[in-house]
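Colleague: I would be grateful for a close look at a single part of this structure, with its surroundings described afterwards. Please choose one sheet and follow it strand by strand.

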Amino acid sequence: MNKPEKLPHFRVVGTNPIRPDGLDKVTGRAVYGDDFKIAGMLHGKVLRSPHAHARIKSIDTRRAAKLPGVRAIITGADFPKPSVAMVPMGEGGYVDMNDTADNVIAKGKAFYDGHVIAAVAADNPHIAEEAVALIDVKYEVLPPVMDVRSAMAPGAAVLHETFNPGAFFMKTHKVLPNASRLELGAGDVARGFKEADVIVEREFTTETVHQGYIESHICTAQWDERGQVTIWTTTQGAFAIRDQVAIVCAVPMSHVRVVPLEIGGGFGGKDTAYIEPLAAMLAKKADRPVKVVMSRAESLRATGPSSGTFIRAKMGAKKDGTLVAADLSFAYEAGGFPGGPIAAGVLTSITRYNIPNVRLEGFDVLVNKPKVKPYRAPGATQSNFAVEQVMNQLAEKLGMDPVEFRIRNAMKTGDRLILGFPCPPVGGVEMLEAVKKHPHYKAPLGKNQGRGVAFSFWFGAGLTSSAELSVNSDGTVQMCTGSCDLSGTRLTLAMQAAEALGIDVEDVSPTIGDTHSVGYTLQSVGSRTTFATGIAVYEAAQKVLKEMAGRAALLWETDPANVAVDRGDFTDMNNPAHRFTFRELADKLEHSGGPVSAQSTVTPERVGFQLAAHLVDIEVDTETGKVDILRYTAFQDAGKAVHPDFVAGQIQGGVVQGLGWALNEEFWYDAKGRLCNASLLDYRMPIALDVPMIDVVILETPNPGHPFGVRGVGEVPIVPPAAAVANAIYDAIGVRMDALPMKPGRVLQKIKEQKSAAA
Amino acid sequence: MHDFQFVTPGTLNEALKLLAKHGASAQLLAGGTDLIVKMRVRHARPDLVLDAKHIPELNVLKLDGTGLTIGAAVSCRSIYLDERIAARYPALVDCTALIGGIQIQGRATVGGNLCNAAPSADTIPALIALGAMAHLRGPKGKRQLPVEKFCLGPGKTALRKGEMLIHVRIPKPAKNSGAFFLRFIPRNEMDIAVVNAAAAVVLDARKTKFISARIAIGAAAPTPLYVEDAGAVLADEPVSENMIAEAARIASDAVRPITDMRGTIEQRRDLAAVLTARALRGAIDRAKRGNR
């Protein structure tokens, strides 16, 4: 593979071509989950538990079955016990398939409000809905456990008698009836704090939040006569859905074909099978295709959100601004089944600073909420909210500029990381210097206005990707990958193919394969698609070029070693008259051994790290506690921005989601554990009027793990906003925020406490 | 959604007959922005839906020498787009122009907002502050109610069996008067009021003294609340920040809020005071500028 220190002069990479799927998406031609229809299709509806924690005593479906138009009813009893237990699920995570199966449909116990109890397929959605209401379920209602501290307290109701602790990056070990734990560290923390001249110790809480993708989960399943099921679904990973459906429904993987449709947002939340196994089982029982559409309320109640947390943070620094110790304890909600993002949250909490003495502790805590799922840099936003506020407080105590304090301690290329290996090339210091030099950093502020900064880190993922390139006789190229396109990756992958082949990007036609038409490809998660699938495309392109060079050699009756390939031009090094453009040679392939195609499956590991620094100006209405965002500048290292406009779009999208998390988004449960705000009206995501134009500064420190220097970009921009806004609120009005969301009532409460303390 | 009959009566009599016959199993549909949502989530299950949009009496929007008539099926958008109405009743624009987006405003009606009787309804405080009367028709004939007496609880109205809202009638604004409505939401649009408030004031000729004032608060009690005392305390008093604060204190004491996903009791009490003060300042400012 090329070494990025000798980066080529790019022709395609780094430009902003128009996305091939854009017009179809804005004109409504693109086929999303709900656009898909098939002859004879029935409609499925789901009965969900109204209780957060309950034992299912009985399910009587007889009345529902009698309703005319009802074709099939399923309950947990229709599903087999999974034959395999722990299965890798991407991003280094392992999932107990028994938990996955029980999350798809409850068996014996409902673990959260909205947990599936039964499902109905009927001639139309209205009949299915009426039938669902006729299913009679008897519950023994159990006390709900709704936050990490009460779940870890003695005497808390126990969710699972036994469970396999989850593993997302790292394994945890069961230490409490509802919790498992991990710990890692370096140096001597007690000694570190003794050396410290200033110490800040604080506690923080954050609430459960949802990805809020605009398209809900929607799928259609149909069986064929030989027992193969095809599922058309909106997902981040066709193979992930295939594997889960196969195991949950006990069908060979070869007999599950998952066709990914266009996806209206995922953000980490759309690679778990929720409705796909239900649709498959209903379709099997009814012997008809079945479509299942999740409503917004269902999606919010029952699909994986990101964890609420309780965090204790203690950090110390010397007078000269050197960090010497950090003792951090994190408790993350896992939801109703184990396996939250605890390891990622813990590891990313301080990985961007050099701290010699560290203790990091994490708890993965079972609560009666939906099983959590990754949400853009899973776990990092919560830990960053704590650490970046403590960093500002330390800087204040030291009388240092907060950015200067971060520069003093920033991790540099080659520094030893807490995981034991040296830091790969990063541009953290350069990024923080860029923050300091930016006009935003010194712009004047008015009354009740403040400025905040936060610095953040995310790993990103490599994982397996496949790509196939086929050269057409007119010189155009078909490109098929297994990566669902969440963010324009059809184009960023086509651009990399064009760059590698030396042809125009318009000559590469990208498609996304289904599980029967392309090699194994893990989900579009972990900011990995442009990076990892990009490498698969690059490798396939190298194979195509090698094969084509061989054909040129054949036609020129020379040795392939004599054929030079440069930017799509093939030349005979021994005979300058022998020269083919890519197109000319493509036209000759059929008669020189047949058309050329090449496939590549890769599992790259050197993902490069993602770093981001954000600057935000806010204004507080001190009478109502409302925080308005006035100005936002996001700095991020893209390694090499393949499509700078898309990179900017990813950053802006991440910032907006981060601002929602910062200001208003939260799951609001009543005392019985029922989700009250299961609508986009009351689950208050930001709207256009809530955010200013977000300025983006892209830096490029090439990642040596990618031929063009690419790093993932999609996740880290969600991490800094909450902390940056909290720091800005302090700057504006002098109150320290210790809980998310920083909603008006909470800010007002802080202002009142400040007033009464002053009085 | 379960099966139902949909009827479009062309006359008021036809609608009244159907309402009398079907009773509680019939529902009137104006803009449908509440009813259809409720039917979708099975909170409303009418067997008969009566479309109100083709009944002439319910579609009157008329400004005359003594006031304004808003038919029960008149959309919010047609109210705020009428320049004469907007000039005379800017507080009506405040509320009708912030309910939902433009498409919703083109469907949603003031009459529907009133009959839906949500504590947080955005048009009701302004109607109360402006002294609007609800005109009803039923099997026993016509009657009128001040808007503040129309809502009895969340989703509950003073409408009797077979009775329907025909229009609301808002009196002509007095000389030297001004009215203002605002709401507090955590976002900048598309949200349900945590608290909302409207104030209407009549000032003396020199505009330094209150003659009278009406203040209404929403989303802070089981119904939109007319806080008579908060207005009464201002009568004959000078226009001052002290008096505004006094009215705000009374309003804050009068509310009976709950804690829910949209806000807490304490926050709503605080907001009742803040919004009362801001509504009064807005109303005074308009009175000083000829209610503009």
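Modeller: The account below begins with one sheet of chain A and then moves outward to other parts. The model is a predicted one.

The sheet chosen is open and has 4 strands, in the order 24-23-22-28 (chain A), with mixed pairing. Strand 24 (508–512) and strand 28 (597–602) of chain A are at its edges. Each of these two has a single partner strand, so one side of each is left without a neighbour in the sheet. On average, and with direction ignored, neighbouring strands of this sheet are turned by 15° against each other. Strands of a sheet pair through backbone hydrogen bonds, either parallel or antiparallel.

Strand 22 (residues 465–471) of chain A runs antiparallel to strand 28 of chain A, and 6 bridges join the two. Two residue pairs help to fix the register. L469(A) stands opposite A598(A) in strand 28 of chain A, and S465(A) stands opposite V602(A) in strand 28 of chain A. With strand 23 of chain A, strand 22 of chain A again pairs in the antiparallel sense, over 5 bridges. Here E468(A) has C480(A) in strand 23 of chain A as its bridge partner. The hairpin of strand 22 and strand 23 of chain A has 5 residues between the strands, and within this hairpin G475(A) takes a positive phi near 90°.

Strand 22 of chain A is mostly covered, with 6 of its 7 residues buried. Helix 16 (residues 529–556) of chain A packs on the sheet and touches strand 22, strand 23 (477–481) and strand 28 of chain A. The direction of helix 16 of chain A makes about 145° with that of strand 28 of chain A.

The approach to strand 22 also deserves attention. L463(A) is in the loop between strand 21 (449–458) and strand 22 of chain A. Its phi is near 70°, a positive value in a residue other than glycine. L463(A) has 23 other C-beta atoms within 10 Å and is therefore buried.

Elsewhere in chain A, a pair of helices offers a second packing arrangement. The axes of helix 11 (residues 380–398) and helix 12 (residues 402–409) of chain A come within 9 Å and cross at roughly 105°. Helix 11 and helix 12 of chain A are therefore roughly perpendicular to each other. From helix 11 of chain A, M391(A), N392(A), L394(A), A395(A) and L398(A) meet P402(A), F405(A) and R406(A) in helix 12 of chain A. By class, this contact of helix 11 with helix 12 of chain A has 6 nonpolar, 1 polar and 1 charged residues.

The loop between helix 12 and helix 13 (428–437) of chain A holds M411(A). M411(A) counts as buried because it has 21 C-beta neighbours inside 10 Å. Leaving aside residues up to four places away in sequence, M411(A) touches T351(A), R352(A), Y353(A), N354(A), C423(A), V426(A) and G428(A). Of these contacts, C423(A) is 12 residues from M411(A) in sequence and 7.6 Å from it in space, C-alpha to C-alpha.

Another backbone feature of chain A is a cis peptide bond, which joins L740(A) and P741(A) with omega about -5°. P741(A) is in the loop between helix 19 (720–733) and helix 20 of chain A.

Helix 20 also leads to the second chain. In total, 20 residues of chain A are in contact with 18 residues of chain B. Helix 4 (125–133) and helix 20 (744–758) of chain A each supply at least two residues of the side of chain A that touches chain B. Helix 20 of chain A gives the most to that side, with 3 residues. By class, the side of chain A that touches chain B has 8 nonpolar, 5 polar and 7 charged residues.

Chain B itself has 11 helices and 14 strands. Its radius of gyration is 19 Å, close to the 19 Å that the globule rule gives for 292 residues, so chain B is as compact as a globular protein of that length. The C-alpha trace of chain B spans about 55 × 45 × 35 Å along its principal axes. Buried residues make up 51% of the 292 residues in chain B.

A positive phi in a residue other than glycine is also found in chain B, at M190(B), where phi is near 50°. M190(B) lies in the loop between strand 11 (177–184) and strand 12 (195–203) of chain B. With 19 C-beta neighbours inside 10 Å, M190(B) counts as partly exposed.

How values were computed:
Residues are numbered from 1 along each chain as its sequence is written. Chains are lettered from A and ligands numbered from 1 in the order in which they are written. This is a predicted model: local features need pLDDT of at least 70, side-chain atom pairs count only at pLDDT 80 or more; totals for chains, interfaces and linings use all residues. The radius of gyration is taken over C-alpha atoms; the globule rule is 2.2 Å times the number of residues to the power 0.38. A residue is buried if 20 or more other C-beta atoms lie within 10 Å of its own, exposed if 12 or fewer, and partly exposed in between; C-beta atoms are placed from the backbone. Two strands pair if DSSP finds at least two bridges between them. Axes are lines fitted to C-alpha atoms, for helices over the stretch in contact, and angles run from 0 to 180 degrees between N-to-C directions. Two residues are in contact if their C-beta atoms, placed from the backbone, lie within 7 Å. Ala, Val, Leu, Ile, Met, Phe, Trp, Tyr, Cys and Pro count as nonpolar, Asp, Glu, Lys and Arg as charged, and the others, Gly among them, as polar. Angles under 35 degrees count as roughly parallel, over 145 as roughly antiparallel, 65 to 115 as roughly perpendicular and the rest as oblique.
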